[in-house]
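Reader: Please take a close look at one part of this protein, the places where its aromatic rings meet other side chains, and then set that part within the rest of the fold.

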Amino acid sequence: MKTLHSQSSILNSAVATMLAATASMAATAWRPEVDFAKAPVYVATNATVPEVEAARLIMRAQAMVAGREDPLTNAVPAVATNFPKAGIVVGWQGTALVAPLAKDLGLADWYETEPKCQDTIVQKVVGKTLVVAGNSPQGAYWSAGDLLYRNGARFLHNGGDGEEGTFLEYMTGLKAPRDWRYQPEALIRTGFQDRCRKSKLKGAEKDAELIAKNQFAARNGGDAVGPLTGGRARESIGSESIQPPVNEFKKHPDWFPLIDGKRWRPAPGTGWEWVVEGCWVNDEFTQWVVDNNESWYVRKGGRDNVAIIDITNSDGGRRCQCPDCVKLRASYPDESSCYFDYQTKIALRVKERHPEMRIETLAYIMSRSYPKAGNKVLRGIEAIDYCPYSRCFIHPYSDKGCPTNKSDLDRMAEWKKADLPIGDFDYMFDVFNPPMGLPVWELTADIVDYWKDYNKPHRMPRMYSEAAVEGGCGSRSRIAAYVFARKLWDASQSADEHLRDWCRVGFGEGAEPMLAFLRAEAAAWTNQPVHLTACFNNPLGTAKTFMTDALVAQGSNAFAKAESLLFAAAKGASPRDTARIRKQQAALAFERKVFEEWVALRAKALATSMEIALESGEPDEKGFARMKKYPMSTRYPSWQGNDVTDSFAQFYRTQDALRIRVTSNDKLFKAQEWRERRGEDGQFDWGCKAGTMEIFLQSPGQSGYRHFAVTAEGALYDALAMDAKAFDSADWKVDSVQRDGFWQLTLTLPWGVLGINGAPKAGDVFHAVVINNAHKVNEKSGEVATFAVGVPFPAYHDIGIGASLVIDDFGGRRPE
Ligand SMILES: [Zn+2]
Ligand SMILES: [Zn+2]
C-alpha cells in the first residue's frame, strides 16, 4: 500500500499534551467559543493552492471584522515550519503542520475514512492555536468556508469580478468551536465549472474558488485533478471511457460498431463525433478499455489522488449490429443486464491489478433500469448515479400527483434492490436553451431531501447537477444553485430558510418586498398547469404558463420598492455599508434582468401563439378536404433556412374523435414496409429519428399530456407525459400513405383516448405540438441527418407553447 505524503514535521511534547487534554471532548453541535479575529494565519511549507486560498480568505475576513476598509485581497499567509504556539493553522493531513495531529483530529486518507471517500472537516483549538483542517486540500478550504459561514459570512454567488457575491460584511467576530468535526450529507457534491479565469496566485481559478466557499466542488475545467482540488479528485474524467478512441478508427476499425454492414464512426466536425459505441465482443477492444482506465488511474496518482473513478459507455452512441453483438444482447433478459455484465467484466479486470480502486457508473440510457439479471451483474461497482432525465422540472419528486415524475420514481425505487449508494445526476439546470432563471430552490432542496432519505442506510454518493454553477440555467438561477450547494453540505435547513437568509444578505434593506415576490414566483412555477421534462426546451411555452399578469405586476413593484429602499439606505452610509449596498444593488439588478427576460419572452409568446379553430367535419376524406393547411416550421438556430420538407398539418373534429393529419414532401423520405405494431417493449428506439412523426397533446382542463409517435415502419407508441407504462391504448387509429419523397400520416384519436368523457364543449382548448422528424443533408458532413419541423415548431415536451386548438362557439363550423 502506498503512503500519503510522509512528513517529517516535529510534534513537540507541548502540543501532544494539549491534544491529550482536548481529545476527551466529544464533538457535538458547533458552538462559538474562542475568538480568533486577531490571530495570525499559517500554512505549511508544502501547502497547496486550496490551503493557501483558505488562509487568505480567513485573513480577509479578519480585516473586515477589524473594520479595515481594504479587505487585504493580496494578503498572503505566513509559512510555518513548526506548529505555532498561537494563531490559526490551515491545512490537511498531507501537510507538514497537520500530519502529526491527523490521528487526534480524526483525519485519515479517504480510503480509510468511513464511509470511503467521505469528506471530513475539523475545527479544533489546540492550546492557543485553531486548526482549520480537512481530509483533503480542498477539505481544508471547505473548513475555512464553513468557519466563516458560521460567523455570518455568506458566499451567495459568482459575481462578475468573482467577489461580488461574497459578503464578509455580516461578520462581527471570528469565533471558533473548541473541538468540532463534520461530514457533509453527500460524498461528492459537484457541478460543472466552465468559466475558469486565472488569478494572480498560483493560477487558482477564482470562480471555482467561490463555489468552493459553499463546500460545493467544481471541476478545474475538464480535469478534476486540477490545482483547486490540491491535485486530488473524488470523481474522475474516466466517464465515457467504455468507447473506442475515435482517432484510431483507421488502425482498429473492428473496435467500432458495425452499422448498416460497415464499421462506423461519426463524421468528424459534426459535433459529438467522439460519441461512439464499441464492439463489445471484440476482446482487443475490451482489453484496450481495461488498459485505458488503468493507465488514467495510474497517471493521475492512483489512490493518493483519485477517490473514485467514473466509468460509463458512450452518450447514446449507435449500438454495434455485428451478429455476435446482436447475439450477446439477446442472451440477456434486458438491455440493462447486458450493459452491467459488460461493465462488471471491465471493473473486475481493472481491479485485478488495483484492488483498492473504486468505480462508479451511470444509470443512463441502456443502463437506466435496474438489471433484470440482478446484483450478480453489478459486481465491482461501488456507486451508481441515476440520471433522471424523465423528471418533471415543474414538480418535485415529493409531489405524488405529478405523472411525469412517475416513471423515474418507479425506476429509482427498483434500484433499491442494488443495495448500493445511488446518486443523482440531475438536469434541473439544463431544462432550457436559451438558458433562463429558474425559481426552483424548493425543487433543488427536494432533490437533496429525497436522495438523503432514499440512500439510508448508505450515505448519498455523488450528487451532481449539471450546469448548476455556470453555463446553462445555473448562471441565471443563483438562489436555486446556492440552495442546492448548501443543502448538499448540510440538509438541516429548508429551502425557505435559505431563501430568507439570501434575501436578508443579498438584498439588505430591500429584503422584504423581494422575499414576498420570490415566494410568489416559486409558487407560480409549481402551479403551472403543465409538466416539463427532457433537456434544452424552448422556454417560450413556459413563459406563457409561468409568468402570469399578477406575477409580472408583483415583480415590477417589488424590484422598484427594493431599489428605492437600498437607494435610501446608501445615503450617508459608512464606507463599509456603502460597499455592502453596492453589492446588494448589483445582486438586485441581476435578479431584475433575469425577471425581465421572462417578461420579454412572455410578450413574445403571447404575440406568436398560434390559435386554431377546431372545426367539425365528416369522418372521412371530405373532412380534411376543406380544412386549413398549417405549414410546419423549424426553430433551430443550427438549421437556418426554410423548411425543405414542404410539410403541413391539419386538424378537425368529428362527433367521436380528434383527427390530425401531417402531409410531408420530404424528398429524402424512403417508403417503408408498413407493419402496424403497438406497445412492444424496445420497439421504440426511435427518439426523434428521421422517418418518425410525433404528436404531443394536452386535453382541456388536464395538466398532463399525451405523446403519440409513429415510425414509417408502423411502430406505434403512446405515453402519458413521459410515463410509457401509464398509457398504452389500442383505440387510436393510424392511416399511413407513403411513397418515396412523400408521407401522409393521419391519426384518429377518440375522445376517450384523450381522457374526455363524451365530447369536448364549446370554449374547450387543446394544446398540440405536431412534429415531422424528416431528413436533410448536413452541409458539413454530407450525411443525412434528422430535420424536424412542426406546428407551431418542434417544441416536443414543451406543451405550454403548443398550438391552441379551440372549440369555437359556432358548433365547430365557421359562419359562411
Ligand atoms: Zn459487435
Ligand atoms: Zn409535473
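**Aromatic rings and their surroundings**

Author: In this predicted model, Arg-154 lies over the face of Tyr-149, with 3.8 Å to the ring centre. Arg-486 also lies over the face of Tyr-149, and here the distance to the ring centre is 3.6 Å.

Turning to rings that meet other rings, the count comes to 37 aromatic pairs, where a pair requires ring centres within 6.5 Å. One of them joins Tyr-370 and Trp-415, whose ring centres are 5.5 Å apart and whose planes stand at 90 degrees, and because planes over 60 degrees apart count as edge-to-face, the pair falls in that class. Tyr-370 belongs to the loop between strand E16 (359-363) and strand E17 (383-386), while Trp-415 belongs to the loop between helix H9 (403-414) and strand E18 (422-426), so the pair ties together parts that lie 45 residues apart in sequence. Both partners are under the 20% limit for burial: Tyr-370 is buried at a relative accessible area of 10%, and Trp-415 is buried at 0%. These two residues also take part in one aromatic cluster, which is formed by Trp-280, Tyr-339, Phe-340, Tyr-342, Tyr-370 and Trp-415.

As for the wider setting, the protein has 17 helices and 32 strands, and 59% of its 816 residues count as buried. Among contacts between residues at least 6 apart in sequence, 73% join residues that are at least 24 apart.

A packing of two helices can be described in similar detail. The axes of helix H12 (residues 495-507) and helix H16 (residues 575-608) come within 8 Å and cross at roughly 120 degrees, which makes H12 oblique to H16. On the H12 side the contact involves Arg-504, Val-505, Gly-506 and Phe-507, which meet Gln-584, Ala-587, Leu-588 and Glu-591 of H16. Sorted by class, this contact has four nonpolar, two polar and two charged residues.

Finally, Val-644 sits in the loop between strand E21 (630-631) and strand E22 (648-653), and with a relative accessibility of 35% Val-644 counts as partly exposed. Apart from neighbours within four places in sequence, Val-644 is in contact with Asn-665, Lys-667, His-775, Lys-776 and Phe-787. For Lys-667, the separation from Val-644 is 23 residues in sequence and 8.1 Å in space, taken from C-alpha to C-alpha.

How values were computed. Residues are numbered from 1 along each chain as its sequence is written. Chains are lettered from A and ligands numbered from 1 in the order in which they are written. This is a predicted model: local features need pLDDT of at least 70, side-chain atom pairs count only at pLDDT 80 or more; totals for chains, interfaces and linings use all residues. Side-chain values use heavy atoms; hydrogens and water are left out. Rings of Phe, Tyr and Trp (its six-membered ring) pair if their centres lie within 6.5 Å; planes under 30 degrees apart count as stacked, over 60 as edge-to-face and the rest as tilted. Helices (H or I, at least four residues) and strands (E, at least two) are DSSP runs, numbered from the N terminus. Buried means under 20% relative accessible area, exposed over 50%, partly exposed in between (1.4 Å probe, protein chains only). A charge sits over a ring if NZ of Lys or CZ of Arg is within 6 Å of the ring centre and within 35 degrees of the ring normal. Axes are lines fitted to C-alpha atoms, for helices over the stretch in contact, and angles run from 0 to 180 degrees between N-to-C directions. Angles under 35 degrees count as roughly parallel, over 145 as roughly antiparallel, 65 to 115 as roughly perpendicular and the rest as oblique. Contact means heavy atoms within 4.5 Å. Ala, Val, Leu, Ile, Met, Phe, Trp, Tyr, Cys and Pro count as nonpolar, Asp, Glu, Lys and Arg as charged, and the others, Gly among them, as polar.
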